[in-house]
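Dear colleague,

Here is the structure we spoke about, with my notes below it. Please look it over before you read on.

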Amino acid sequence: MSIAGSANRLTVTDTGPGLYSERVDPDPDRVADGFGLAIVRELCEHNGWRLDLAEREPRGTIATIEFAAKLP
């Protein structure tokens, strides 16, 4: 796993089975998201941040959070 960050972005890259792993769920249209990802999604929604998830070939996931000021 690697973590990179700046003032407005955090990127986490891992080499695990990926979002659409057949080991997690045989349905490729279903994103395998655990409790941790649910927490991250809620934090992003609450703060007005953008979350982007992408497959990393040949395996793994790249998760990027772009921080933005929360609108009043």
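Glu 66 is partly exposed, at 29% relative accessibility. Keep in mind that this is a predicted model. Glu 66 shares a salt bridge with Arg 50, at 3.4 Å from N to O. That pair links distant parts of the chain. Glu 66 sits in strand E4 and Arg 50 in strand E3, which covers residues 50–55. The two are 16 residues apart.

Glu 66 also forms a salt bridge with Arg 9, again given as 3.4 Å from N to O. Arg 9 belongs to strand E2 (residues 9–14) and Glu 66 to strand E4 (residues 61–66), so this bridge ties together parts that are 57 residues apart in sequence. Arg 9 is partly exposed too, with a relative accessible area of 39%. The count of salt bridges comes to 2. Arg 9, Arg 50 and Glu 66 are thus linked in a network.

Now the fold. The chain has 1 helix and 4 strands. From the N terminus, the order is β-β-α-β-β.

How do the strands that carry the network pair up? E2 and E4 run antiparallel and are joined by 6 bridges. Within that pairing, Leu 10 has Ile 65 of E4 as its bridge partner. E3 and E4 are antiparallel as well, and 6 bridges join them. There, Glu 55 stands opposite Thr 61 of E4. So E4 pairs with E2 and with E3, because at least two bridges are what a pairing needs.

The turn between E3 and E4 deserves a look on screen. This hairpin has 5 residues between the strands. In it, Gly 60 takes a positive phi near 115°.

Next, Thr 13. It is placed in strand E2. Is Thr 13 buried or exposed? Its relative accessibility is 15%, and Thr 13 counts as buried because the cut-off is under 20%. What is Thr 13 in contact with, leaving aside neighbours within four places in sequence? The list is Met 1, Ser 2, Arg 56, Thr 61 and Ile 62. Thr 61 appears here as a contact of Thr 13, and Thr 61 is also the residue that Glu 55 stands opposite.

The helix gives another picture. Phe 35 lies in helix H1, which spans residues 35–47. Phe 35 is exposed, at a relative accessible area of 67%. That value passes the cut-off because exposed means over 50%. Phe 35 joins Ile 39 and Leu 43 in a nonpolar patch on the surface. Together the three have about 330 Å² of accessible area.

Some totals for the chain. It has 72 residues, and 18% of them count as buried. The accessible surface comes to about 5,400 Å². Carbon and sulfur atoms hold 55% of that surface. What share of contacts between residues at least 6 apart in sequence joins residues at least 24 apart? The figure is 46%.

To view it in order, I would begin with Glu 66 and its salt bridges to Arg 50 and Arg 9. Then follow E4 across to E2 and E3. Finish with the patch of Phe 35, Ile 39 and Leu 43.

Best wishes

How values were computed
Residues numbered from 1 in each chain as written. Predicted model: local features only at pLDDT ≥ 70, side-chain atom pairs only at ≥ 80, totals over all residues. Heavy atoms only, no water. Salt bridge = Lys/Arg side-chain N within 4 Å of Asp/Glu carboxyl O. Buried < 20%, exposed > 50% of the residue type's maximum accessible area, 1.4 Å probe, protein only. Contact = heavy atoms within 4.5 Å. Areas by Shrake-Rupley, 256 points an atom, 1.4 Å probe, with all protein chains shown as cover. Patch = residues over 30% accessible without salt bridge, like charges linked within 9 Å, V, L, I, M, F, W, Y side chains within 5 Å.
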